[in-house]
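User: I am new to this structure and would like a guide. Could you pick a single part, look at it closely, and then show me what lies around it?

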Amino acid sequence: MGSNWKGKSDITMVISKQITLQSDGHFNVINITDIVRDFIQSSGIRHGQVLIFFQHTTGAVIIGEHEAGIMADLQELLERITPTDYEYKHHIRKVDFNGHAHLRAALMQTSVTLPVIDGKMPLGRVQEILVIDDQVDQAPRSLIFQIIGE
Amino acid sequence: MTEAQAILFWLSGVFTPSNSDVLFNAVLKGDRSFNNLSTLIGFQELYDQLSLGLINDLEYCQTIYDETHLIIKPETITERILTSITPNKSIYEIINLLPENYQLWLIVDYPDTWFNKISERLEIHQSFPMERMIVLSKCGLSNISPDLFEYLPNHINLPIDRCLLVDNNTKRVLKAINYGLPSIIYVNAQRLKREFILRKLISKS
């Protein structure tokens, strides 16, 4: 059993927005669920899809539960398979030393797409949109939100 | 899971906006340029020093003034910060749902000079008497992690696994959990209520 939503319209809108987050990296988890909700609401689009894209190669966007134990477990898992302190080949050129962050980003995802139904994201009870920034220095991090629909 | 006997709430980020949001709103009011944002990110460490009493509020504001190159005098930064510290009233509704058998503690990370000016506005004393406040600047610690996580259970005289920290700073929470201090990441009051229900600290009804 499920719900069906049907609609037909000649007017499809696309709205994009770039946002900047303050982050000091090192597995910094930033909950952006409310920021995305505000974006959807301000777009006026009722039905469609919203894309959240992280514009860096050293972090990820995930849908998950922002629960302390899960975050600690995820950090531990990533540390096990991509240790921070390791001689990555990325370091050979001696430009930057964040091999672990690049690998973690590759293992996760830099964008998520969510349905928009009746002006809302139908997130599950404990689902939240989280940015995980694993860069090794302090810098602003950029994201693009793009909503398409009617 | 061992049942919590004491719940320790971090002040900034739970009862008020986080210290980074406060600083962002106070200092960048009308001046949200990219470079300034970049500079502000580095101030968490400075804020920790302020919280622990290693520097005073004047030194904190003077450093921000020196490093941001904004045309805002340190005294104006202080005024703006104090104005930006507004109460999160929805948290009190959740606290009132907790049965009386839990010890409620407040970790005060604002310097005394600020806290004295804002505590009345925050109505914090209604939920936390003075003896249930842990004022970081008076604890004599040199680091938040791990010093504070060692200090807290000793101060309240309970095993660490009988304590529960509520804090909006995910990185600090991860350090606390890895140290053995059970913790909740504060996102908003509704989410905290759900977490308290899941942990059977309050009933569902």
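Analyst: Happy to help: what follows starts with a sheet in chain A, moves to the contact with chain B, and ends inside chain B.

Two notes on reading come first. This is a predicted model, in which local features need pLDDT of at least 70 and side-chain atom pairs count only at pLDDT 80 or more, while totals for chains, interfaces and linings use all residues. Residues are numbered from 1 along each chain as its sequence is written, and chains are lettered from A and ligands numbered from 1 in the order in which they are written.

Chain A has three helices and seven strands; these are DSSP runs numbered from the N terminus, with at least four residues (H or I) for a helix and at least two (E) for a strand. Their order along the sequence is β-β-α-β-β-α-α-β-β-β. The C-alpha trace of chain A spans about 55 × 30 × 25 Å along its principal axes. Of its 150 residues, 30% are buried, meaning that 20 or more other C-beta atoms lie within 10 Å of the residue's own; with 12 or fewer it is exposed, in between it is partly exposed, and C-beta atoms are placed from the backbone.

Now the sheet itself. In chain A, three strands line up in the order S2-S6-S4 as an open, antiparallel sheet, where strands pair if DSSP finds at least two bridges between them. S2 and strand S4 (59–64) of chain A are the edge strands, each pairing on one side only. On average, neighbouring strands of this sheet are turned by 25° against each other, direction ignored, the axes being lines fitted to C-alpha atoms.

Strand S6 (residues 128–133) of chain A pairs with S2(A) over four bridges and with S4(A) over six bridges. If you want a spot to look for, Val131(A) in S6(A) has Ile30(A) standing opposite, and Ile132(A) in S6(A) has Ala60(A) standing opposite. S6(A) is mostly covered, with five of its six residues buried.

From here we can step across to chain B. Contact joins 17 residues of chain A and 19 residues of chain B, counted when C-beta atoms placed from the backbone lie within 7 Å. On the chain A side, strand S2 (28–31) and helix H2 (68–81) are the elements that give two or more residues. H2(A) provides the largest share, five residues. By class, this side of chain A has six nonpolar, nine polar and two charged residues; Ala, Val, Leu, Ile, Met, Phe, Trp, Tyr, Cys and Pro count as nonpolar, Asp, Glu, Lys and Arg as charged, and the others, Gly among them, as polar.

What does S2(A) help to cover in chain B? S2 and H2 of chain A are among the elements that cover the buried residues of H9(B), together with helix H8 (144–156), strand S4 (163–167) and strand S5 (183–185) of chain B. Helix H9 (residues 170–179) of chain B has Thr170(B), Arg172(B), Val173(B), Leu174(B), Ala176(B) and Ile177(B) buried. Just after H9(B) comes Gly180(B), with a positive phi of about 110°.

Let us go further into chain B. It is divided into domain 1 (6–16 + 87–198) and domain 2 (19–84), with bounds from an automatic or database domain assignment. The centres of these two domains, taken over C-alpha atoms, are 23 Å apart. Contact between them involves 13 residues of domain 1 and nine residues of domain 2. Helix H7 (residues 112–122) of chain B gives four residues, the largest share of the domain 1 side.

The largest nonpolar core has 61 residues, and Leu8(B), Phe9(B), Ile107(B) and Val166(B) touch the most other members; such a core is a set of buried Ala, Val, Leu, Ile, Met, Phe, Trp, Tyr and Cys residues joined through C-beta atoms within 7 Å. Beyond its neighbours within four places in sequence, Leu8(B) is in contact with residues including Trp105(B), Ile107(B), Leu152(B) and Val166(B). Another core, of 15 residues, lies apart from that one and includes Phe24(B), Val27(B), Tyr60(B) and Ile72(B). In soluble globular proteins, nonpolar side chains tend to be buried together.

A last stop offers a contrast. Leu97(B), in helix H6 (residues 90–97) of chain B, counts as exposed because it has 12 C-beta neighbours inside 10 Å. Leu97(B) is 9.6 Å from Phe196(B), C-alpha to C-alpha, though they are 99 residues apart in sequence.

Definitions and conventions:
Contact = placed C-beta atoms within 7 Å. Axes fitted to C-alpha atoms, helices over the stretch in contact; angles between N-to-C directions.
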